[in-house]
Structure formats: structure tokens, C-alpha cells
Amino acid sequence: MAAQKLRLALIQFTVGSDKAANLNKICSLVKQTCLDHKPNIVALPECCNSPFGHEYFNEYAESIVDGPSVKMFSSVAKENKIFLVAGSVPEKGNDGKLFNTTTVFNPDGNHISTFRKVHLFDIDVKGKFSFQESKTLTAGDSLATFSAYGWKIGLGICYDIRFAEMAQLYSRAGCKLLIYPAAFSMATGPYHWEILTRGRALDNQCYVAAVSPSRCLTASFVAYGHSIVVNPWGEIVTKADETDKTIVADIDLNYLEEVRETIPISKQKKTEVFEKFQKEI
Ligand SMILES: NC(=O)CCC(=O)C(=O)O
């Protein structure tokens, strides 16, 4: 039986260039968040131990089996008795390849899920902004979920949120909450961040949480901030501005089911028509 309600906390903070200082900050922020709000699940931003940028990925990358960051995440989850969605870190794989990777820990400190960013952030907003994450990183090749108190939860990282089919697959697999550690750019965030998070939630009639670092104007990549939780009706439950902020939301299975009964799109979907069209194209 799934818990009717879960409390989710998203910690938006300023990620600096000192890895040890970032990890210490995570320890104390998670502890304080747990004392203040008693959440069941705590989520951190994309690249939570390292600045976001090609010049950093290799230097900051580490093993997600026994590197210092995962060891710290495990003890933080255990000490605070939470599920910790540990943002993402630059991962050095066995073959020396670099990935952008989310690790998840349960309240016993066990590493229970791993997701490597599938869609790398390769964009070119002409004359304004361009980034080619694939210059240094390798894409993941699988999706990942985890279970917390009977809720199935799907994972993506930042740019992955643009791929509606990925969220739909998670939803079809029974996910009721999608969590995206993220760091949207200033060229796209103001235009797309809210629409995408609300869109994924509305399409799939599930909760969506996206957690960003704070906006740091002196960083080489300036993140949009605005961490957010959206409900299955597509409404914003809570959101941050661009500064250091912890946001907390109670997510509710009864409410999710009510929305799905009110507008029963998953029952009404004409899969056979889609399949017929797919054969025609
Ligand atoms: N870190 C990222 O993947 C950035 C994604 C982003 O800014 C976007 O517009 O998409």
C-alpha cells in the first residue's frame, strides 16, 4: 500500500567551485531542511558538487561506486532518514567516459537507483547562447525509477524534460512523481522552464519536481533557478525565485487519482489509432 501523502523538499543553493565546500553545504542544508520540515524525499540540483561546464566535468568527475560524493550522500540519507535524490554529479565511468549522473539513496543509506542523463544539452540559440554537452560527456542509455513508500518515481536530468515521450513512458510504467535535477540556461529558462514542468505534469497527470542551483552571476554557466513542484492538474504547488531557497510540497495520491478520474485521458487514449498511423508513415 502506497502512503497517501509524501513530503518533498527541493534544495536550491549556490554551487561553487570548491567541491568539498559544496558537499559540506549539502550536508548542512539537508540536515536543516529535515529539522525544519521533516520531508520524506529531498532532491538536489543538477551538478550539485561541481560548477556546470566543460572546464569542470573531467576535473570533478568521480566514481559513483566509492567516490567521496556518493559516500557523503549515503551517510546524509541515513543520518536524516530520507530518500535522497542526490542531484547529479559528473561521473567517471569504468571505461574513463564521463556522464552526468543522478544517484538515489534510501533512508538506510543504500544506493538504490542510478540515472545517467540520456539527452545531452546540445543547443545553439543563434547569437545568444550555445552549449554542446556532448563535447565532453557521454549520454546514458537507460531510464531509471525508484520506489519510496509505495510511490514509483521516474528520474530525468534537465534537458531530458524536453522529451515528452520519456515522461509518458515513466507514467505508463506507473510513476506518480517525476524528479528532474536541472540547471536551465538563462537563454531558455525564462521561456520554457515553467511550461515544460507544467506540461509534463498535465500530460501525464502526475507530480513533477525540478530542482535547480541558484543563479550565480559570476559562474561561467548561469542557471535560471526557480525550482518548482507542479501537481497533476498542471498547477504550481510551490516555486523558488533565483536565490538560495528550500521549497517544500506535500504530494497527495488521492488528489492525483481524483484528477485522473475527472479527466480520464489514459483510459480514453486511442492507442490503436496511433499504431495505425505509425504503420502509415
Ligand atoms: N543543463 C541542461 O541540460 C540545460 C537545459 C536547458 O537549459 C534547456 O533549455 O533545455
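What is the relative accessible area of Lys-97? The structure is a predicted model, in which local features need pLDDT of at least 70 and side-chain atom pairs count only at pLDDT 80 or more, while totals for chains, interfaces and linings use all residues. Residues are numbered from 1 along each chain as its sequence is written, and side-chain values use heavy atoms, with hydrogens and water left out.

**Exercise 1. Classify Lys-97 and its salt-bridge partner by accessibility.**

Solution.
- Step 1. The classes are buried (under 20% relative accessible area), exposed (over 50%) and partly exposed (in between), found with a 1.4 Å probe on protein chains only.
- Step 2. Lys-97 has a relative accessible area of 40%, and it is therefore partly exposed.
- Step 3. Its side chain meets that of Asp-95 in a salt bridge of 4.0 Å, N to O; the term denotes a side-chain nitrogen of Lys or Arg within 4 Å of a carboxyl oxygen of Asp or Glu.
- Step 4. Asp-95 has 54% relative accessibility and so counts as exposed.

**Exercise 2. Describe the salt bridge between Lys-117 and Glu-133, and then the one between Arg-200 and Asp-203.**

Solution.
- Step 1. Side chains of opposite charge can pair when their charged atoms come close.
- Step 2. In the salt bridge of Lys-117 with Glu-133, the closest N and O atoms are 2.9 Å apart.
- Step 3. Lys-117 lies in the loop between β6 (111-116) and β7 (122-125), and Glu-133 in the loop between β8 (129-132) and β9 (144-148), so the pair ties together parts that are 16 residues apart in sequence. Here strands (E, at least two residues) and helices (H or I, at least four) are DSSP runs, numbered from the N terminus.
- Step 4. Lys-117 counts as buried because its relative accessibility is 1%; Glu-133 is likewise buried, at 0%.
- Step 5. Arg-200 forms a salt bridge with Asp-203, with 3.5 Å between the closest N and O atoms.
- Step 6. Both of these residues lie in helix α5 (residues 189-204), three residues apart, which is about one turn of the helix. An α-helix has 3.6 residues a turn, so residues three or four places apart point the same way.
- Step 7. Arg-200 is buried, with a relative accessible area of 9%, whereas Asp-203, at 36%, is partly exposed.
- Step 8. Glu-46, Lys-117 and Glu-133 are joined into one network by salt bridges that share partners. The whole structure holds eleven salt bridges.

**Exercise 3. Determine how the buried residues of helix α6 are arranged.**

Solution.
- Step 1. In α6 (residues 253-262), the buried residues are Leu-253, Leu-256 and Val-259.
- Step 2. These residues cover an arc of only 125° around the axis, so they are on the same side of α6; the arc is that of the directions from the helix axis to the C-beta atoms.
- Step 3. Glu-261 and Thr-262 are exposed on the other side of α6.
- Step 4. The cover over the buried residues includes β10 (151-155), β12 (207-211) and β15 (245-252).

**Exercise 4. Place Val-42 and Ser-171 in their surroundings.**

Solution.
- Step 1. Val-42 belongs to strand β2 (residues 41-43) and is buried, because its relative accessibility is 0%.
- Step 2. Leaving aside neighbours within four places in sequence, its contacts (heavy atoms within 4.5 Å) include Ala-9, Ile-11 and Val-30.
- Step 3. Ser-171 sits in helix α4 (residues 164-172). At a relative accessible area of 19%, Ser-171 is buried.
- Step 4. Not counting residues up to four places away in sequence, Ser-171 touches Asn-204 and Arg-260.

**Exercise 5. Identify the unusual backbone angles at Cys-158 and Gln-205.**

Solution.
- Step 1. Most residues other than glycine have a negative phi.
- Step 2. Cys-158 is not a glycine, yet its phi is positive, about 45°.
- Step 3. Cys-158 is found in the loop between β10 and α4, and it is buried, with a relative accessible area of 6%.
- Step 4. Gln-205, also a residue other than glycine, has a positive phi near 50°.
- Step 5. Gln-205 is in the loop between α5 and β12 and counts as buried because its relative accessibility is 5%.
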